[in-house]
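Reader: I'm new to this and would like a close look at one part. Could you take it slowly and then show me what's around it?

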Amino acid sequence: MSLRLILASASLLALAACGAPDSDQPAQDVPTAQGAASTAGPPVLSVAQIEAGVPQAADAPGATAPAPTPAQAVGEAGDATPTTPPDAGLVRLQILLDRTVFSPGMIDGLAGDNTRQAVAAYRKANNLGSGDAVDTALLQHLAAADTARVMAQHVITAADIAGPFSPPAQGELADIARSGTNFVSPLERLAERFHITEALLQGLNPGVDFRRAGQTIVVPAVTDTPLTGVARIVVDKAERSARAFDAAGKLLAFYPATIGSSERPAPSGTVTVTGVAPEPNYTYDPTRVSYDRGDQKVVIPAGPNNPVGTVWIDLSRDTYGIHGSPDPSKIGKTASNGCVRLTNWDAEQLAAGVKPGVVVRFI
């Protein structure tokens with residue numbers, strides 16, 4: 001039986017409450033603002049700068065570029081108006097990491113824990129020493145592993161701007177269910193497709209109206225690198241990460257993750273994957289969950305901004321899973337209601353590489 005059919009009736013799947021929206025999740029910008037033309041002027045970084053970029057302080061012992069405060073980081077904290085400009089070398093580094101399946105989360109050109117931990121995992125997996133130094137050896141290894149250009153051009157298509165779009169997810173679960181869980185705008189759709197923050201995508205393409213087809217924009221040259229042979233997943237609650245290993249113990253992939261909270265912690269010990277549900281709905285069932293979001297059962301339809309994102313990896317512990325997220329900027333930065341959240345693109349990659357019986361260990 002196909003893995004994609006293990007949980008065949010995804011539209012009827014009653015998913016765990018741990019995927020529910022955070023109660024303190026701030027509202028997103030309105031669709032018109034997200035899709036409107038960005039400010040005209042020079043781009044924040046040129047393609048040439050990014051292609052030749054080396055992160056600041058790249059050869060400093062044991063250090064990456066200086067980390068900004070949380071309020072300044074677009075991808076690391078979700079702030080739409082950062083005061084720290086993106087670094088061309090960090091954009092290049094994040095794209096190269098993304099293509100080697102050591103995910104930095106969102107590409108934003110800013111230093112932060114997600115990128116630092118991806119660097120440390122890549123160094124260890126490739127015998128480049130311990131620590132998180134972004135040094136010449138690391139950059140040369142990454143560049144040799146994938147010699148393609150890190151930036152590309154994309155012509156906005158009719159499909160990119162086609163709806164339906166949904167308003168930002170706000171209010172009670174029933175309100176979200178009625179409003180739908182599609183992308184809010186063409187800008188959000190394109191940013192997720194290319195694993196980049198909306199702010200940086202706009203900054204690289206000043207004056208572009210993302211609601212209009214036919215325009216050529218510059219984007220990260222990300223790839224859908226297949227992940228195969230996953231035998232074991234280790235979820236590190238302290239580090240906020242998920243690692244995939246093969247049967248011989250080789251580290252195959254690293255992903256930043258949001259994992260539970262002090263009030264609703266993730267499981268401990270070992271569980272297994274029981275199946276995968278692509279494009280799942282989300283069902284809040286007050287008879288099955290441990291937190292209160294009302295006393296009525298609510299089914300939220302499938303969509304990229306569904307509380308569990310675009311894919312659900314079901315675990316043998318009832319109501320728990322590994323899944324996507326409607327807000328990739330929060331991955332590794334906020335708490336969840338018990339499950340393991342990844343960006344939608346990371347969750348899809350991991351889901352395509354697992355099968356029932358894969359061991360998932362929480363540490």
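At 1.5 Å a residue, what span should the 13 residues of helix α5 (residues 113–125) have, and how far apart are its end C-alpha atoms?

Author: A quick word on ground rules. This is a predicted model, so to speak about local features we need pLDDT of at least 70, and side-chain atom pairs count only at pLDDT 80 or more, while totals for chains, interfaces and linings use all residues. Residues are numbered from 1 along each chain as its sequence is written, and side-chain values use heavy atoms, with hydrogens and water left out.

Now your helix. The 13 residues of α5 should span 18 Å at 1.5 Å a residue, and because the end C-alpha atoms sit 18 Å apart, the two values agree. If you want to redo the sum, the expected span is 1.5 Å times one less than the number of residues. The names work like this: helices (H or I, at least four residues) and strands (E, at least two) are DSSP runs, numbered from the N terminus.

Next, what is tucked away? The buried residues of α5 are N114, T115, Q117, A118, V119, A121, Y122 and R123. Buried means under 20% relative accessible area, exposed means over 50%, and partly exposed is in between, using a 1.4 Å probe and protein chains only. As you read along that list, keep the helix geometry in mind: an α-helix has 3.6 residues a turn, so residues three or four places apart point the same way. Just after α5 comes N127, with a positive phi of about 55°.

Go back along the chain from α5 and you meet the loop that joins it to α4 (88–99), which is where V101 lies. V101 isn't a glycine, yet its phi is positive, near 70°. With a relative accessibility of 6%, V101 counts as buried.

On the other side of that loop is α4 itself. α4 has 12 residues and reaches 17 Å from its first C-alpha to its last, close to the 16 Å expected at 1.5 Å a residue. It is mostly covered, with 12 of its 12 residues buried. Among those buried residues are A88, L90, V91 and R92, and the list also includes D98 and R99.

One residue of α4 that deserves a stop is G89. Its relative accessibility is 3%, so G89 counts as buried. Leaving out residues up to four places away in sequence, G89 touches G53, V54 and P55, where a contact means heavy atoms within 4.5 Å. There's also a link in space with I50: G89 and I50 are 39 residues apart in sequence, but 6.2 Å apart from C-alpha to C-alpha.

Farther along the chain there are other spots to find on your screen. P164 is in the loop between α7 (158–161) and α8 (173–179), and the peptide bond leading to P164 from G163 is cis, with omega near 5°. F210 is in another loop, the one between α10 (198–204) and β2 (216–220). F210 counts as buried because its relative accessibility is 0%. From C-alpha to C-alpha, F210 and D160 are 8.9 Å apart in space, though 50 residues separate them in sequence.

Then there's R240, in the loop between β3 (232–236) and β4 (241–245). Its phi is near 65°, a positive value in a residue other than glycine. R240 has a relative accessibility of 33%, so it counts as partly exposed.

Let's zoom out to the chain these pieces belong to. The protein chain has 11 helices and 13 strands. Of its 363 residues, 54% are buried. Among the contacts with a separation of 6 or more, 69% are between residues 24 or more positions apart.

Last, how sure is the predictor? The chain averages a pLDDT of 84, and 78% of the residues score at least 70; pLDDT is the predictor's confidence in each residue, from 0 to 100. Over residues 1–14 the pLDDT stays under 50, and the model gives that stretch 32 contacts beyond four places in sequence. Residues 59–81 also have a pLDDT below 50, with 55 contacts in the model beyond near neighbours in sequence.
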